[in-house]
Amino acid sequence: MHTYLIMPEGCRWLEVYYTTPEMAYRSVCSDYPPKKRIAVLDMETGAATVYTRTLDSAGNVLDVIKEAHICK
């Protein structure tokens, strides 16, 4: 498991423990609007990934979109 820092734009940051950055994103994404850009920072490697998502008309996640991957 890795320690990830969830960093939504303009919101409070949160530390979580997951296997991958996408799993860390999925753990909190329902708390934010789909188009809100959320950076997930791997605290061990310093790599960050920015995610958003798309929903269907019922509000179910259709796709998790990796917008950027930033390496330290």
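## Exercises on a predicted model

In this chain, S3 and S4 run antiparallel and are joined by four bridges. Keep in mind that we're working with a predicted model. Let's warm up with confidence and layout, then get to the strands and the charged side chains.

### Exercise 1: Confidence and layout

**Task.** Work out how confident the predictor is in the chain, and what pattern its elements follow along the sequence.

**Solution.**

Step 1. Start with the averages. The chain has a mean pLDDT of 93, with 99% of its residues at 70 or more. Broken down by element, S2 comes out with the highest mean (97) and S5 with the lowest (90).

Step 2. Tally the elements: there's one helix, plus five strands. Walking along the sequence gives β-β-α-β-β-β.

Step 3. Check the overall dimensions. The radius of gyration is 12 Å, close to the 11 Å from the globule rule for 72 residues, so the chain is as compact as a globular protein of that length. The C-alpha trace spans about 40 × 20 × 20 Å along the principal axes.

Step 4. Look at burial and contacts. Of the 72 residues, 35% count as buried. The exposed area of the chain is about 4500 Å², and 54% of that comes from carbon and sulfur atoms. Among contacts with a separation of 6 or more, 32% are between residues 24 or more positions apart.

### Exercise 2: Strand S4 and its partners

**Task.** Find out which strands pair with S4, and explain why S4 is described as largely enclosed.

**Solution.**

Step 1. Take the S3 side. The S3–S4 pairing is antiparallel, with four bridges, and Val40 sits opposite Thr49 in S4. The two strands make a hairpin with five residues between them, and Gly46 in the turn has a positive phi of about 85°.

Step 2. Now the S5 side. S4 and S5 are also antiparallel, and eight bridges join them. One register check is Thr52, whose bridge partner in S5 is Ile65. This hairpin has five residues between its strands too, and Gly59 has a positive phi near 90°.

Step 3. Put burial on top of that. The cut-off you need is under 20% relative accessible area for "buried". Six of the eight residues of S4 (residues 48–55) are buried, so the rest of the structure largely encloses that strand.

Step 4. One thing to bear in mind while you inspect the strands: in a regular strand, side chains alternate between the two faces of the sheet.

### Exercise 3: The salt bridges

**Task.** List the salt bridges in the whole structure, then say which of their residues form a network.

**Solution.**

Step 1. Get the count: searching the whole structure turns up three salt bridges.

Step 2. Begin inside the helix. Glu22 and Arg26 form a salt bridge, with their closest N and O atoms 2.9 Å apart. These two are four residues apart in helix H1, so about one helical turn separates them. Glu22 is partly exposed at 31% relative accessible area, and Arg26 is partly exposed at 45%.

Step 3. Move on to Arg37 and Glu9. Their closest N and O atoms are 3.5 Å apart, inside the 4 Å cut-off for a salt bridge. Arg37 lies in the loop between helix H1 (21–28) and strand S3 (38–42), while Glu9 lies in the loop between strand S1 (2–8) and strand S2 (14–18), so this pair ties together parts 28 residues apart in sequence.

Step 4. Arg37 also meets Glu67 in a salt bridge, at 2.6 Å from N to O. Glu67 belongs to strand S5 (residues 61–70) and Arg37 to the loop between H1 and S3, so the pair links parts 30 residues apart in sequence.

Step 5. Join the pairs up: Glu9, Arg37 and Glu67 are linked in a network of salt bridges.

Step 6. Finish with accessibility. Arg37 is partly exposed at 34%, Glu9 is partly exposed at 44%, and Glu67 is partly exposed at 38%.

### Exercise 4: Placing Thr20

**Task.** Where does Thr20 lie, and how far is its C-alpha atom from that of Leu5?

**Solution.**

Step 1. Thr20 lies in the loop between S2 and H1.

Step 2. With 29% relative accessibility, Thr20 counts as partly exposed.

Step 3. Thr20 and Leu5 are 15 residues apart along the chain, and 12 Å separates their C-alpha atoms.

Terms used:
Residues are numbered from 1 along each chain as its sequence is written. This is a predicted model: local features need pLDDT of at least 70, side-chain atom pairs count only at pLDDT 80 or more; totals for chains, interfaces and linings use all residues. Side-chain values use heavy atoms; hydrogens and water are left out. A salt bridge is a side-chain nitrogen of Lys or Arg within 4 Å of a carboxyl oxygen of Asp or Glu. Buried means under 20% relative accessible area, exposed over 50%, partly exposed in between (1.4 Å probe, protein chains only). pLDDT is the predictor's confidence in each residue, from 0 to 100. The radius of gyration is taken over C-alpha atoms; the globule rule is 2.2 Å times the number of residues to the power 0.38. Contact means heavy atoms within 4.5 Å. Accessible areas come from the Shrake-Rupley method with a 1.4 Å probe; for residues, only the protein chains shown count as cover. Two strands pair if DSSP finds at least two bridges between them.
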